[in-house]
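Let's take a walk through a protein chain together. Have a look at the sequence and the model below before reading on.

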Amino acid sequence: MLIGPNSVVSFHYRLTNDAGQVLDASAEDAPLTYLHGAGNIIPGLERELSGKATGAEFTVAIQPEDAYGERQPELIQEVPRTAFPEGQPIEEGMRFTAQSPQGPISVTVTAVADEAVTIDANHPLAGEVLHFQVTIAEVRAATEEEISHGHVHGPDGHHH
Ligand code: ZN
């Protein structure tokens, strides 16, 4: 079966950046499973998987515009130290959820000074070219329920 709209695809992957650093990888016994055509994975990878079959192996470099987008300088902000709860330790690299007019967003602390904290709401992989090494483990047809929900359900029923 070839990967197309409403396929449920399981694949193993290794993700590296331009420098060859491993950013992420699927566990050996746990491939990533997603519903194809539902926007559940980055567009560049979904496009590359289209039409491929179980057992296929490939590598692909995906540009930011087909992945997590370019870094946007306006998403980097300095906020007063007093915006954080008193006594809460704040360190570079910390990630937390902040409220924004668009709803909760994930931000990373990129610098800490006495009075101010710099936070970055860009996706950590924004601006990165993503190098994927992929092996397709399984392709099956999605169930009606999966199609109507727009995501994959586990083998023993419905998990959210
Ligand atoms: Zn569901």
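What follows is a short tour of the domains, the cores, the rings and a few single residues.

First, a word on what you're looking at: this is a predicted model. The domain assignment splits the chain into domain 1 (7–68 + 126–149) and domain 2 (73–120). Measure between their C-alpha centres and you get 31 Å.

**The cores**

Nonpolar side chains in soluble globular proteins tend to be buried together. Here, the largest nonpolar core holds 20 residues, and those with the most contacts inside it are Phe11, Leu45, Leu49, Phe132, Val134 and Ile136. Who supplies them? At least two residues each come from β1 (7–16), α1 (43–49), β4 (57–62) and β9 (130–141). Strand β9 gives the largest share, with 5 residues.

Val134 makes a handy example. Setting aside neighbours within four places in sequence, Val134 is in contact with Phe11, His12, Tyr13, Leu45, Leu49, Ala56, Glu57 and Phe58. There's also a second, separate core of 8 residues, with Val79, Val107, Val109 and Val117 among them.

**The rings**

How many aromatic pairs does a search of the whole structure find? There are 4 of them. A pair like this is described by the distance of the ring centres and the angle of the planes. Here are two of the pairs, with their values:

| Aromatic pair | Centre to centre | Angle between planes | Kind |
|---|---|---|---|
| Phe11 and Tyr13 | 5.8 Å | 50° | tilted |
| Tyr13 and Phe132 | 6.2 Å | 55° | tilted |

Tyr13 sits in strand β1 and Phe132 in strand β9, so their pair ties together parts that are 119 residues apart in sequence. Buried or exposed, Tyr13 and Phe132? Both are buried, and Phe11 is buried as well. Ring pairs also bring in Tyr34, making a cluster of Phe11, Tyr13, Tyr34 and Phe132.

Another ring has a charge for company: the charged end of Lys52 sits over the ring of Phe58, 4.5 Å from its centre.

**A closer look at Asp120**

Now over to strand β8 (residues 116–120), where you'll find Asp120. Asp120 counts as buried because its relative accessibility is just 6%, and the cut-off for buried is under 20%. A polar atom of the Asp120 side chain lies 2.8 Å from the backbone nitrogen of Asn122. Leaving out neighbours within four places in sequence, Asp120 is in contact with Arg71, Leu75, Ile76, Ser106, Val107, Thr108 and Thr110. Val107 has already come up, as a member of the second core.

**Two partly exposed residues**

Ile105 belongs to strand β7 (residues 103–112). With a relative accessible area of 31%, Ile105 is partly exposed. Not counting residues up to four places away in sequence, Ile105 touches Phe96, Thr97, Ala98, Ser100 and Ala121. Ile105 and His123 are 18 residues apart in sequence, and their C-alpha atoms are 9.7 Å apart in space.

Last stop: Asn6, in the segment before β1. Asn6 is partly exposed too, at a relative accessible area of 34%. What's the phi of Asn6? It is near 70°, a positive value in a residue other than glycine.

Note on methods. Residues numbered from 1 in each chain as written. Predicted model: local features only at pLDDT ≥ 70, side-chain atom pairs only at ≥ 80, totals over all residues. Heavy atoms only, no water. Helix = DSSP H or I, 4+ residues; strand = E, 2+ residues; numbered from the N terminus. Buried < 20%, exposed > 50% of the residue type's maximum accessible area, 1.4 Å probe, protein only. Polar contact = N/O pair within 3.5 Å; in protein donor to acceptor, adjacent residues only side chain to side chain. Contact = heavy atoms within 4.5 Å. Core = buried A, V, L, I, M, F, W, Y, C linked by side-chain atoms within 4.5 Å. Domains from an automatic or database assignment. Phe/Tyr/Trp six-rings, centres within 6.5 Å; stacked < 30°, edge-to-face > 60°. Lys NZ or Arg CZ within 6 Å of the ring centre and 35° of its normal.
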